[in-house]
Amino acid sequence: MPHSAPNTVVFKADMLLLLVTVLAAISWMFSKEALNGFPPLLFIGTRFLMAGILLAIPGMPALKKLTKHQWKASSAVGVLFGIAMSTWIMGLFYATHLGEGSFITSLAVVLVPLISWVFFRERMTRASWIALPLAFAGLGLLSLQHGFRPELSQLLFFTAAILLSLTFILNGRAAAHVPALALSAIQLSLVGVVAIALSAGLEEWPAHWTGDMWWWLILSVTVGTAARFLIQTYAQGMTTPSHAAVILIIEPVWTATFAAFWFNETMSVSQLFGCGLIFLSLIVNRWSAVRQWLTSVRKST
């Protein structure tokens, strides 16, 4: 009986984090629908700038207290994040398989230890060394179906994964010194500024925005970005980072499932094996967290 309250909190956190993975996956569908009317860079820029402004409103007290150094650190990560998301949205624009793209993008998680080792000389764990060949084998099955002829979208998603992994590393360093809400507001806003600036130089903007364009944009801003962030932040406050990390790796599975129903996507056997290997690499990469999660589940039952 004494354990019922903690178990209830853990269960609530798990359910909210599961909801976050669903919202993240649905966001892929919203974005793909929006690209039927929007130029890709204009869409991602407008989406993130609006989400950044939404977060800046409650984050204004924290933003006013930031030092010049904190602004500089937050802005640097925001610009890199902007380049990463601009690359990602171009991948989505050219993509024929959203599920495949989500698994390739999820490689960012596996690449974090490798990039930390290469650039910051941080020691890699044995699990990370095992996860890497699994991830690249999965990537190979996705992109080498007809010889070495990877699709443009696959190259863009993989480039985005590299940039996102570097963003994750630098963001972790910035987050140690900057309040989370203020950091997120700055970063999301700068993603918008970077993407819109690129769009202004590279894309032709539509003369008018249709109702469908506004609909998918609003859903992407509110459900896919702002709501997802708020729920994730709230849920992570009720559990440990390692526990949350285990549940969040489910996102590409949801994305592939929704894409199958939403866009009638199908995958070949080799593509399914490739996605399976990438998912296995995510589990291996976070095996210590997975083991802790399984232990906590056993104790709560």
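# Chat about an all-helix model

Modeller: Of the protein's 301 residues, 48% count as buried, where buried is under 20% relative accessible area, exposed is over 50% and partly exposed is in between (1.4 Å probe, protein chains only). This is a predicted model, so local features need pLDDT of at least 70 and side-chain atom pairs count only at pLDDT 80 or more, while totals for chains, interfaces and linings use all residues. Residues are numbered from 1 along each chain as its sequence is written, and side-chain values use heavy atoms, with hydrogens and water left out.

Biologist: How many helices and strands are there?

Modeller: The protein has 13 helices and zero strands. Helices (H or I, at least four residues) and strands (E, at least two) are DSSP runs, numbered from the N terminus.

Biologist: And what share of contacts joins residues at least 24 apart?

Modeller: Among contacts between residues at least 6 apart in sequence, it's 89%. Contact means heavy atoms within 4.5 Å.

Biologist: What about the accessible surface, how much belongs to carbon and sulfur atoms?

Modeller: The accessible surface comes to about 15,000 Å², and 71% of that belongs to carbon and sulfur atoms. Those areas come from the Shrake-Rupley method with a 1.4 Å probe; for residues, only the protein chains shown count as cover.

Biologist: Which residues make the nonpolar surface patch?

Modeller: W117, V118, F119 and W129 make it, and the patch is about 420 Å². Patches are made of residues with over 30% relative accessible area and no salt bridge, with like charges joined within 9 Å and nonpolar side chains (Val, Leu, Ile, Met, Phe, Trp, Tyr) within 5 Å. A salt bridge is a side-chain nitrogen of Lys or Arg within 4 Å of a carboxyl oxygen of Asp or Glu.

Biologist: Which helix gives the most to that patch?

Modeller: Helix α5, residues 107-120, with three residues. W117 is found in α5, and W117 counts as partly exposed because its relative accessibility is 31%.

Biologist: Where does α5 bend?

Modeller: At P113, by about 30°. The bend at a residue is the angle between axes fitted to the seven residues ending there and the seven starting there. End to end, the 14 residues of α5 reach 19 Å from first C-alpha to last, close to the 20 Å expected at 1.5 Å a residue. The expected span is 1.5 Å times one less than the number of residues.

Biologist: Which residues of α5 are buried?

Modeller: L107, A108, V110, L111, V112, P113, I115 and S116. Just after the helix, R121 takes a positive phi of about 55°.

Biologist: Where else is there a positive phi in a residue other than glycine?

Modeller: N264 has one, with phi near 55°. N264 is found in the loop between α11 (251-262) and α12, and N264 is exposed, because its relative accessible area is 64%. Most residues other than glycine have a negative phi.

Biologist: Back to α5. What's S106 doing there, buried or exposed?

Modeller: S106 counts as buried, because its relative accessibility is 12%. S106 is in the loop between α4 (98-105) and α5. Not counting residues up to four places away in sequence, S106 touches P252, I278 and L282.

Biologist: Which residues of α12 are buried?

Modeller: Q271, G274, C275, I278, S281, L282, V284 and N285. Helix α12 covers residues 269-285, 17 of them, and reaches 24 Å from first C-alpha to last, close to the 24 Å expected at 1.5 Å a residue.

Biologist: What does S281 contact?

Modeller: Leaving aside neighbours within four places in sequence, S281 is in contact with V110, A131, L134 and A135. S281 is buried, because its relative accessible area is 0%. S281 and W129 are 152 residues apart in sequence, yet 9.9 Å apart C-alpha to C-alpha.

Biologist: New topic, α7. Which residues does L163 contact?

Modeller: L80, I83, A84 and T87, leaving aside neighbours within four places in sequence. L163 is in helix α7, residues 152-175, and counts as buried because its relative accessibility is 18%. The C-alpha atoms of L163 and M85 are separated by 8.7 Å, with their positions 78 residues apart along the chain.

Biologist: And L155, how far is it from I104?

Modeller: They're 9.3 Å apart in space, C-alpha to C-alpha, and 51 residues apart in sequence. L155 is in α7 too, and L155 is partly exposed because its relative accessible area is 46%.
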